[in-house]
Amino acid sequence: MLEWHQKETTEIFKELGASAQGYSAAEADELLLKYGPNELIEKKKKTLFMMFLDQFKDFMIIVLIAAAVIAGAIGEATDTIAIIVIVVLNAVIGFVQEYRAEKAMDLLKKMSAHTALVLRNGAVADIPALQLVPGDIVNLEAGKIVPADMRVIETAQLKIEEATLTGESLPAEKHVDPIPDAQLPVGDRKNMAYKGTIVTGGRGRGVVVATGMATELGKIATMLQDAEEIKTPLQKRLAAFGQKLSLAVLVICAVVFVVGLLRGEPALLMLLTAISLAVAAIPEALPAVVTISLALGAKKLVRQNTLIRKLPAVETLGSVTYICSDKTGTLTLNKMTVEEVYASGKLLTGEEIGSGGNAELFTALALSNDAEPDGSGTAIGDPTEIALYAVAKGAGFDKIVLLQDLPRVAELPFDSERKCMTTFHKIPSGSPFARLGEGEFVSFTKGAIDVLLDKSSRVLMAEGLKTVDVDEHQKVNDRMSADGLRVLGIALRFWDAIPEDLSAMNVETDLTVLGMVGMLDPEREEAKEAVLLCKSAGIRAVMITGDHPLTAKTIAGRLGILEKGDDEVITGRELEELTLEEFEERVEHIRVYARVAPEQKLKIIKALQDRGQFVAMTGDGVNDAPALKQADIGVAMGITGTDVSKESADMILLDDNFATIVKAVKEGRRIFDNIRKFIKYTMTSNSGEIWTLFLAPFLGLPIPLLPIHILWINLVTDGLPGLALAVEPAEKGIMARTPRHPKESIFAGGLGVHIVWVGLLMGGVSLATQAWSLNTGHAHWQTMVFTVLCLSQMGHVLAIRSDSESFFSQGILSNKPLAGAFLLTFALQMATIYVPQLNPIFKTEPLSLNELIITLVASSLVFCAVEIEKWFKRRRDSSL
């Protein structure tokens, strides 16, 4: 079956049962019942209350709520309140993020036109766009939103801006002729107008072929609602971690309780000890640390032109293995620039372009141009014309100055069929154009060079006028085009008077070619550096564009995205012909996608995800919204992005710059490192407490700690010192390592082993202190064990600030909050020992100077051991 753009107008009317005279009101009402209103339909939404309740389903949150209940049952109101505040705060943040994500559909609806000029009962009527039906005849005028998908049947230089659907920044000029190719992407269907796009110039008329959810915009709405919410790696890891941890803690606490009873300890004391240990072993500060780490990271990223919409996205950035980026404006400057000029038989590049000579060419480029200065030194208008205006002005040919001597007196506007534009100018006496011919007027014609060559007989060379060498010019054109440049030619002709017949056939003939210009939207320099940094970080950069494959290939080559021989470039049409299995086999070798449709972006992301890759995807149009939602990290453009794309994204680039994504990846890695450091710190501390209580009975020692001691250590060590790790600076070489695998365990890289052996050491040092104190007759043994265990954890937090760098080379003041937390915790611990009013509360006794020295020395053993471990790591790494 033929697509709408392939069909003749008569065939479309016949298929829809319509005519060029439009429907009667009765016919339209009948069809409205058949097709339904021309609106985007939403799936049933969750209520706000259910959305809020869903935030409490996470296993770790359930464990924390249970811990809060237990803490309250044993009279620890402070812990109960702290845990409840943390849980509610997380729920509120999750609720706000989910609620904001729901707004994407609302914004998509707002893109629809409210009214439409429709032919009804033989007359044009302004009706609500909701009432449009297939077969309606709709007038299209400049400034109006296209109200439905339609086949264009009349046009008078009709131009429609389709960037939100196609990503193309230039308005598309429409025509009425059928296009035979069935597999055309939306942007190449020049005889179609699509719902939600904007008429920027001219006028036209179209027959409606699709309404509501059957439109291209409706298909995007369907994809947007069907796109799954992807859980971040951290969310997955914490869920698994919480389940395993709670089960392990319950088993250990049960063992401690049973062993204590078997030894004859009081049942109530053992119950309170087991419950206290359970509360201490659950890292209730973990959600708070995660939230604060992400929030601080998000705040820092705003200063780097990145706005985070969903907090978990900050950490997710650290797992990114692929960054799929739009070309225009993100990898490039979004500013057409003249790269090469061919004039007088010479090819000029760079500084050669404006170095003198070729006055006629630059005069023509300045005058045959509709770009206008905006008063700030730049110009406004069509991007191509702005580029020509800028290169002429750069060579010393200012349009405003030239127009004083060579005023425009007539013109033939550009149109897509003849691919040319012509302007007429009055020549002053003594003009430099006299050497080229005689006449009182000159016309400048610019357009596609192959068309211009057919209309020209001469060419201007350094030695004067010569017969045009079509083959030579075509070779230069082919070479420029192969380099991805957009090539335009410019020519002139002299006239004694403005011709009465201002038709293209009469005016655009017997021309003299002045030269050719090759233009390109150049790459951002910082994007080039960012692509290089991506490579060192093990991240693959991929370009996805609606542009021509040659242009895309050129920019990708300059940026370093295309480098190796097996790097592929593929078009949307080639992608369409591949089965999903065939595509997945090739997807990891493809670096550039050109001329792609919206649903294909979704296909690219899903294929990469099926191959185990973790994908960040940039986008600015409505067409990008489903892909942004499906991607592991959706990145919207802050400057050029539509509201729909922003609401679907996880983060927004405020400067639309690819390099900013890479900075955000670095920040994401730092944040995840710091979350791991907190887990390493808090779980090692909990491990030390568990080993101390668990092993004591087997070593014939009395219970070393009371419930109040366990809860105090838990409060002062897990709190401020743990939170201070959230602001730890990035490790050296953080972007010189490959991304961590999204499915990698949170305990990978030796973290689990570290927790066990350092926890054992911490417990061993505490129990050794207890055994020594008991054997030497020191009555304050419990206070010493209490202090050793607390301060060992403080030594540990200083040592794990880096995985390999020495604490002494880092310096304590490189993380001032941690230094402050360390000093405060030390002072509070000393207060429990030496403030008389606190001794009965904490069941402590003042230590003698010798006991304190022994306690401090024992507490420093963990710090020394971890520093030695890091020294061995540095030696190992240096030998690799």
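Contact means heavy atoms within 4.5 Å of each other. The structure is a predicted model, in which local features need pLDDT of at least 70, side-chain atom pairs count only at pLDDT 80 or more, and totals for chains, interfaces and linings use all residues. Residues are numbered from 1 along each chain as its sequence is written, and side-chain values use heavy atoms, with hydrogens and water left out.

**Exercise 1. The surroundings of M794**

Determine which element holds M794, whether M794 is buried or exposed, and which residues are in contact with M794.

Solution.
Step 1. M794 belongs to helix α29. Helices (H or I, at least four residues) and strands (E, at least two) are DSSP runs, numbered from the N terminus.
Step 2. The relative accessibility of M794 is 1%, so M794 counts as buried. Buried stands for under 20% relative accessible area, exposed for over 50%, and partly exposed for values in between (1.4 Å probe, protein chains only).
Step 3. With neighbours within four places in sequence left aside, M794 is in contact with Y681, T717, P721, F822 and T825.
Step 4. M794 and G722 lie 72 residues apart in sequence, and their C-alpha atoms are 9.9 Å apart in space.

**Exercise 2. The packing of α29 and α31**

Describe how helix α29 and helix α31 pack, and state which residues make the contact.

Solution.
Step 1. Two packed helices are described by the angle between their axes and the distance between the axes.
Step 2. Helix α29 (residues 781–799) packs with helix α31 (residues 816–834) at an angle of about 175°, and their axes are 11 Å apart. Axes are lines fitted to C-alpha atoms, for helices over the stretch in contact, and angles run from 0 to 180 degrees between N-to-C directions.
Step 3. That angle makes α29 roughly antiparallel to α31. The classes are roughly parallel under 35 degrees, roughly antiparallel over 145, roughly perpendicular from 65 to 115, and oblique for the rest.
Step 4. On the α29 side, the contact is made by T783, F786, T787, C790, L791, M794, V797 and L798; on the α31 side, by L818, F822, T825, F826, Q829, M830, T832 and I833.
Step 5. The residues of this contact divide into 11 nonpolar, five polar and no charged. Here Ala, Val, Leu, Ile, Met, Phe, Trp, Tyr, Cys and Pro count as nonpolar, Asp, Glu, Lys and Arg as charged, and the others, Gly among them, as polar.

**Exercise 3. Helix spans**

Compare the spans of α29 and α28 with the values expected at 1.5 Å a residue.

Solution.
Step 1. The expected span is 1.5 Å times one less than the number of residues in the helix.
Step 2. For the 19 residues of α29 the expected span is 27 Å, and the end C-alpha atoms are 27 Å apart, which agrees.
Step 3. Helix α28 (residues 751–775) has 25 residues and reaches 35 Å from first C-alpha to last, close to the expected 36 Å.
Step 4. Just after α28, G777 takes a positive phi of about 80°.
Step 5. As for cover, 19 of the 19 residues of α29 are buried.

**Exercise 4. Positive phi outside glycine**

Locate N121 and Q157, and give the phi and accessibility of each.

Solution.
Step 1. Most residues other than glycine have a negative phi, and most peptide bonds are trans.
Step 2. N121 lies in the loop between β1 (115–120) and β2 (123–128). Its phi is near 55°, a positive value, and N121 counts as exposed at 55% relative accessibility.
Step 3. Q157 is part of strand β4 (residues 149–161). Its phi is positive at about 50°, and Q157 is partly exposed, with a relative accessible area of 43%.

**Exercise 5. E667 and A129**

Establish the position, accessibility and sequence-distant partners of E667 and A129.

Solution.
Step 1. E667 is located in helix α25 (residues 658–698) and is buried, with a relative accessible area of 4%.
Step 2. Residues up to four places away in sequence not being counted, E667 touches G297, K300 and L301.
Step 3. The C-alpha atoms of E667 and M735 are separated by 10.0 Å, with these positions 68 residues apart along the chain.
Step 4. A129 sits in the loop between β2 and β3 (137–141) and is buried at 2% relative accessible area.
Step 5. A129 and E39 are 90 residues apart in sequence and 8.4 Å apart in space, C-alpha to C-alpha.
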